[in-house]
Structures are given as structure tokens and as C-alpha cells.
Amino acid sequence: MRNEGDSRPDPLAGCRILVGISGSIAAVKLPGLVSALAKRGAETRCVLTPSATRLVSPVALASLSRRSCLLEADQWSHQAARPLHIELAEWADLVVVAPLSASSLARWVHGLGDTLLASTLLAAEAPVLAAAAMNTAMWSSPGVRRNWHDLQSFAGVLPLGPEPGLLACDRQGDGRMAEPALLELALESLRLHGASRDWRGRRLLVSAGPTREFLDPARCLTNPSTGRMGVLLAQAARLRGAQVDLVHGPLSVEAAWLEGLQLHPVVTAAELQQRLLALQPEADAIAMAAAVADHRRAAPLPTKLGKEELALSLQAGWQEVPDLLQQLVSQRRSGQRILGFAAHSGDVLPQARAKFRRKGCDLLFANPIDQPGAGFAAATNQGWLLGPGAEERPLASMGKLAVAHQLLDALGALLPPASEPAPPAPARLL
Ligand code: CTP
């Protein structure tokens, strides 16, 4: 999901994406994904299993992808010079299988190549995003559980488990495919960082978004933070295998970006403080991206003030919000690493140096808020990353997901090895 007017090169532009669609009702959502990928300049080719063709129109997919769809019968065309599944597997820079049905999962995990999609998956060497979708009882059946578990150890594969929700079979529970907007983000993440799950076995606590400090029930002191940077950091860590707690103020981001995260919604700085302190002991690392309001009312009023009373009330009765980042730093356990953020106008670096010393965190990402394409609500960001040993690294302007991955690289490098080892990236199987 990109903002209009964003002039940075899109990581998905020109990327060749093979879209494998198998037989689950979630297949009806795929035209939306294919259309979004085409708008971003990706080249897509769709492969449908026979049951998928009963659920979603190959004609619609061909039109949206600007290329003919590949169906089971195409595997056996006498006009093809090379086996189609090999040609497709070699063509792709990325593969997404969505929805991944119970049967397609079983074929893949057990090495069966008896359909065009199944044999293409066996031949694929590009990173694969796999988004499961099925009925809740099917998802919890022992065979599917075992196959899904086994898929976790396939290197080069990013498995996205189903989400809870109301399913088309009227069942309420796990089984809903990850939303297309999250698949789009996960594909971008695969492009930027590959399928390595180097944060597996680690727990990350992220704060994001603004806080609101109320004067009365109708007015509050807040800021223009949308939460985009913090949410993308949280989701990037989740895609890299971390267990992520996201404590967030009111957000203005794609709702699908929150899937798979443990959410803790708050409104005021006091609520944020309470949730962060409760979650801190379990965290291996903390990323404090929230834009915390600097002042609050000593006593917010329970009833709405008139205009004149409001003008008077604005002049007194404020107190400073305690520095939560400093508090987290002061009471952290040994080995816990903390990333802070800093928003500045003017010359960022000298102000960032002073803030880094004052806050005492391990890393500080400082970004300008007075440059186009950086700061609040922007799709891109840039700035300075300050770290141990007086390290000061400039980060050029790039999409916020790319910034998120760079910050996770730097934060991860300060942590002891995860207790659950991540699979090696290049090999096909462990
Ligand atoms: N922060 C915090 N508690 C506050 C204010 C800020 O934990 N009461 C955290 C932010 O989440 C961020 C970092 O401190 O990680 C820097 O926030 P920023 O708004 O840039 O700086 P302030 O500390 O508010 O200082 P100033 O506004 O004077 O630049």
C-alpha cells in the first residue's frame, strides 16, 4: 500500500511475482491483490488449481494481471518448449500461494508434484509467501497441524497462518486468510529482507502512534503521528519471526497491517506507561516509536468547557508527562535492548546526540519532521541512527518498511542469539 506522490522506487516495481491460487473461498480476494500489484508495477502471472477455477474467474485474473492465467491443462500443452512448472519457477522473483488450502499444503510438504501449482512449488527457488485459509476444524485437524508445522522449517518460505474471524462457512474462529493488504506488505518485506526469520524466539515490545491528553471530554492535546513507522516495525519483526506486543495510541494505518500482532490499545500517556511497564519484563527488546504528548492536564474536567472558560483553562493546570523511554531504560533487566526515536526540525544530528545521551537507550533513530518525505504520516523516512561506540549512521530516504528492517538489523545485532535458532536462509530444506 503506497501513498500517492511517493517518488521513491517501489521495491515491488518490476518484480516478477507468481501468484498461486488454490481451492479455498478466500480465492475471491485474489483479484484485489493482483490488481494492487499491477498498479505498483509488478509483473504477475497467476496459476490456479482446478478447484480454484471454480471459485475465482481466471478471466478476471488474466485481465487484472495483463497476462493469461495458467490452468491445469496448460501443463500438458504440446506447444510448450520447456516444462511449464520449471519455466514458471525460474521466471519468478517471488512466489505467493494464497489461499493455501489443506490439500495444496499437504502436496507441498510431502513433495507431491501432481498438479501444475504443486510441481511449480517444488521447483521454486525464489522466496515463497504462503497464506493458509480453511475451515477452523480443518485447520485444527492433526494432519494439517503436522503439515503446517513442517512447513515452518522450509527455508525460503514465509508462512502466514490464518487469522480469526467469521468464515464463509459461518464458523467463527481461525481460518480466514491474511488480508490482501498484508500479503502485499509481506511481499514487499520478502523483497527487502528475504524469508529469513532471524527474530524467531525473541519477544519485541513496540509502542506506536500518538497519545491524547484530554482537557475536557471534547478537547485533547495530541500530535499528527499516524503510527505508521511503529506499526511497520512491529509487522516487519513479526514477519521475521518475533512475537510482538504492540501498545498503540489511536492509529491511522491499514488495518491489515495489525494482523498477527498482540495489540494493546491505549489513549493517554498514563495508559501507555502502565501497559509498557507491565509488558517490559517479558521483552527481549523494546522499540519506543510512540509520539508521547509532552504535557497533560493535572485534572481533566468531566464536563465540556465553554469557549471563554477554555481560553482561561489553557493557561494553567498543565503538568509534564514523565519520560517513559527514560523510565524503561532505568529499570530494564540485563540484556534487554531499547531503541528510541526522535523527531526534530532543523539540524537533526546535534539535537539527536543530546537526546541520545539524555535518554540512555541503546539505539536512537532520529528523523526530520520538516523535510518532504519524512516524519509524521509520510510513506518514507530518513535520518540518523545513533548507536553504541558513538556510531552515527545516516539513513537515506527509503520506504518506512525498509527503514523498519534496517532498525531491526541494528537492534537484533545487539541481542544475544535467540533461544530458538532461525533456519539458514539459502538452503531449500533444513
Ligand atoms: N518519549 C517518551 N516519553 C515522553 C516523551 C517522549 O518515552 N514523555 C520517547 C518517544 O517515544 C521517543 C523519544 O522519547 O522514543 C523521543 O521523543 P521526542 O518526542 O523526539 O522527544 P521528547 O523527549 O519529547 O523531547 P523534545 O520534544 O523536547 O524534543
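Let's start with a salt bridge. The side chains of Arg353 and Glu392 meet at 2.7 Å, N to O. Arg353 sits in helix H13, and Glu392 sits in strand S19, residues 391-399. So the pair ties together parts that are 39 residues apart in sequence. How accessible are the two partners? Arg353 is partly exposed, with a relative accessible area of 34%. Glu392 is partly exposed too, at 30%. Please keep in mind that this is a predicted model.

Stay with S19 for a moment. Its neighbour is strand S18, residues 380-387. S18 and S19 pair in the antiparallel sense, over seven bridges. One bridge to look for joins Thr380 to its partner in S19, Gly399. The two strands make a hairpin, with three residues between them. In that hairpin, Gly389 takes a positive phi near 65°.

S18 has another partner. Strand S17, residues 363-368, pairs with S18, again antiparallel, over three bridges. Here Leu364 has Leu386 of S18 as its bridge partner. Is S18 enclosed or open to the outside? Six of its eight residues are buried, so S18 is largely enclosed by the rest of the structure.

Back to helix H13. The helix covers residues 348-359, and Lys359 belongs to it. Lys359 forms a salt bridge with Asp323, and the closest N and O atoms are 2.5 Å apart. Asp323 lies in the loop between strand S15 (318-320) and helix H12 (324-330). So this pair ties together parts 36 residues apart in sequence. Now the accessibility. Asp323 has 26% relative accessibility, so it counts as partly exposed. Lys359 has 15%, so it counts as buried.

How many salt bridges does the structure hold? The count is 22. Here is another one. Asp409 meets Arg240 at 2.6 Å, N to O. This pair links distant parts of the chain, 169 residues apart. Asp409 is in helix H14, residues 400-413. Arg240 is in the loop between helix H9 (228-239) and strand S11 (243-248). Which partner is buried? Arg240 is, at 1% relative accessibility. Asp409 counts as partly exposed, at 40%.

Salt bridges also form a network. Asp10, Arg40, Glu184 and Glu188 are linked in this way.

Next, a sheet. It is open, it has five strands, and the pairing is parallel. What is the strand order? It runs S2-S1-S3-S4-S5. The edge strands are S2 (43-48) and S5 (157-160), and each pairs on one side only. From one strand to the next, the twist averages 15°.

Look inside that sheet. S3, residues 94-100, and S4, residues 128-132, pair in parallel over four bridges. Val96 has Leu129 of S4 as its bridge partner. As a general point, side chains in a regular strand alternate between the two faces of the sheet.

Now add a helix. H3, residues 84-91, lies across S1 (16-21) and S2. The helix runs at about 145° to S2.

Last stop, the surface. Ile25, Val28 and Leu55 form a nonpolar patch there. Together they have about 240 Å² of accessible area. Where is Leu55? Its place is in the loop between S2 and helix H2 (58-65). Leu55 counts as partly exposed, at 32% relative accessibility.

Technical notes
Residues are numbered from 1 along each chain as its sequence is written. This is a predicted model: local features need pLDDT of at least 70, side-chain atom pairs count only at pLDDT 80 or more; totals for chains, interfaces and linings use all residues. Side-chain values use heavy atoms; hydrogens and water are left out. Two strands pair if DSSP finds at least two bridges between them. Axes are lines fitted to C-alpha atoms, for helices over the stretch in contact, and angles run from 0 to 180 degrees between N-to-C directions. Contact means heavy atoms within 4.5 Å. A salt bridge is a side-chain nitrogen of Lys or Arg within 4 Å of a carboxyl oxygen of Asp or Glu. Buried means under 20% relative accessible area, exposed over 50%, partly exposed in between (1.4 Å probe, protein chains only). Patches are made of residues with over 30% relative accessible area and no salt bridge: like charges are joined within 9 Å, nonpolar side chains (Val, Leu, Ile, Met, Phe, Trp, Tyr) within 5 Å. Accessible areas come from the Shrake-Rupley method with a 1.4 Å probe; for residues, only the protein chains shown count as cover.
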